[in-house]
Amino acid sequence: MIMSASSFPSLALGCFLLVLVVELHVALGLSRGSMLDVGSGGTVAPPVTSGICASSVVIYGYKCQEFDVVTPDGYILSVQRIPEGRAGGGGSGGTNKQPVLIQHGVLVDGMTWLLNPPEQDLPLILADNGFDVWIANTRGTRFSRRHTSLDPANADFWDWSWDEVVQFDVPAVLDFIHGKTGQKIDYVGHSMGTLVALASLSEGKLVDKLQSAALLSPIAYLSHMTTALGVAAVKAFVGEMVKLAGLVEFDPKGEPVANFLQALCANPGVNCYDLLAALTGKNCCLNVSTVDLFLKNEPQPTSTKNMVHLAQIARDGVLAKYNYGIPGFNVMHYGDVRPPVYNLSNIPRDFPIFLSYGGKDALSDPKDVQRLLDSLKLHDVGKLTIQFLENYAHADFIMGVNAKDVVYSQVLSFFKNQQ
């Protein structure tokens, strides 16, 4: 069943991870490491006893640094840096190496890139190939759950959507990396990590800091999905309903979300025992032990407003800023009754883009990717590289056992061609 743009299929982006937690009763595995005081632009942290560096990078023989980056609206974002490969290679702490920022999707964090053995993980592959690697963690996730004045228990802490990630998070992290390296930065995004890059580039925000972008399983339009759980979520109007009910934090481990998802699983035709395939498409190349590790570390919280905003893309069929639902509120925020549209055709035509998508992907559906490609149809010859993988689904791009050879080798070649 293909769903129309008048519905809410994008809510299933979250539901797939959330129900996995409810049904399989998996707890989060790692805790927050300690940090130094935060300066105006971020400061290096001392060695951590837990967190991404200690648990998933240093143990494999790589150097790793933890940073705090403060956004203009006060969120304190955790960023990891892998300055060199396992073999060393210069020992210069990343100086003169090409920096690359890796941005995760919705309801996960930077750990999602580091779940396979080290020789299969994109950040470590990039480090071993001479790149200065930086890993982002979006606001609200476990390592970026801090603010200069707000507490996560305060509703105002969760008053944001991916608009603010576009406006504040990504530019702040890129400014920080540029300040440390003095170089333009390559970018890798998956899922919502592609959405925020595309939206930012369309507004000219990142052009002066980015050298190129690799977009894996890209999300820009969300009008198609083939999943019974998505249909059930559509009928429930989950996003706006929970927002109106005062649930500002969309926490997969919280009782309200768990109760809602258990109700969804009771719908006829919804199979909550094979959700990875049902929601992402049939992934071709996942290792069972990697999926188990994934479930120990993900999903992560996000704001309910963010989930509503993703739903609005599907419902309206337009890539636009958050719609407050009341014309007067939109006028107050935007000066118009309708939210401004992110015009992807404004992305500079000479900006190098690598785009890889899968034929079995139920989230980044090929029909929606074709609409994205149509927005880029005037891109300069040689500046847009497209890879289509017939048997790949959404999770294969970050956890596939053969992604190193099938996808990451192409990302490496693309980046090296920009140097």
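Where in the secondary structure is S191 found? Hold that thought, everyone, while I say what we have on screen.

This is a predicted model, where local features need pLDDT of at least 70, side-chain atom pairs count only at pLDDT 80 or more, and totals for chains, interfaces and linings use all residues. Residues are numbered from 1 along each chain as its sequence is written, and side-chain values use heavy atoms, with hydrogens and water left out.

First, the overall picture. The protein chain has 15 helices and 11 strands; these are DSSP runs, helices being H or I of at least four residues and strands E of at least two, numbered from the N terminus. Of its 419 residues, 59% are buried, meaning under 20% relative accessible area with a 1.4 Å probe, protein chains only.

Now, back to S191. Its home is strand β6, residues 185-191. At 3% relative accessibility, S191 counts as buried.

S191 also has company. The unreviewed UniProt entry lists S191, D361 and H394 under "active site"; please remember that such annotations may be inferred rather than shown by experiment. The three span 204 residues in sequence, yet no two of their C-alpha atoms are more than 11.0 Å apart, so they gather at one spot.

And H394? You'll find H394 in the loop between β11 (384-389) and α14 (396-399). H394 is buried too, with a relative accessible area of 6%. Its side chain makes a polar contact with the side chain of S191, at 3.0 Å. By polar contact I mean a pair of N or O atoms within 3.5 Å; within protein, one must be able to donate a hydrogen and the other to accept it, and residues adjacent in sequence count only if both atoms are side-chain atoms.

Definitions and conventions
Buried < 20%, exposed > 50% of the residue type's maximum accessible area, 1.4 Å probe, protein only.
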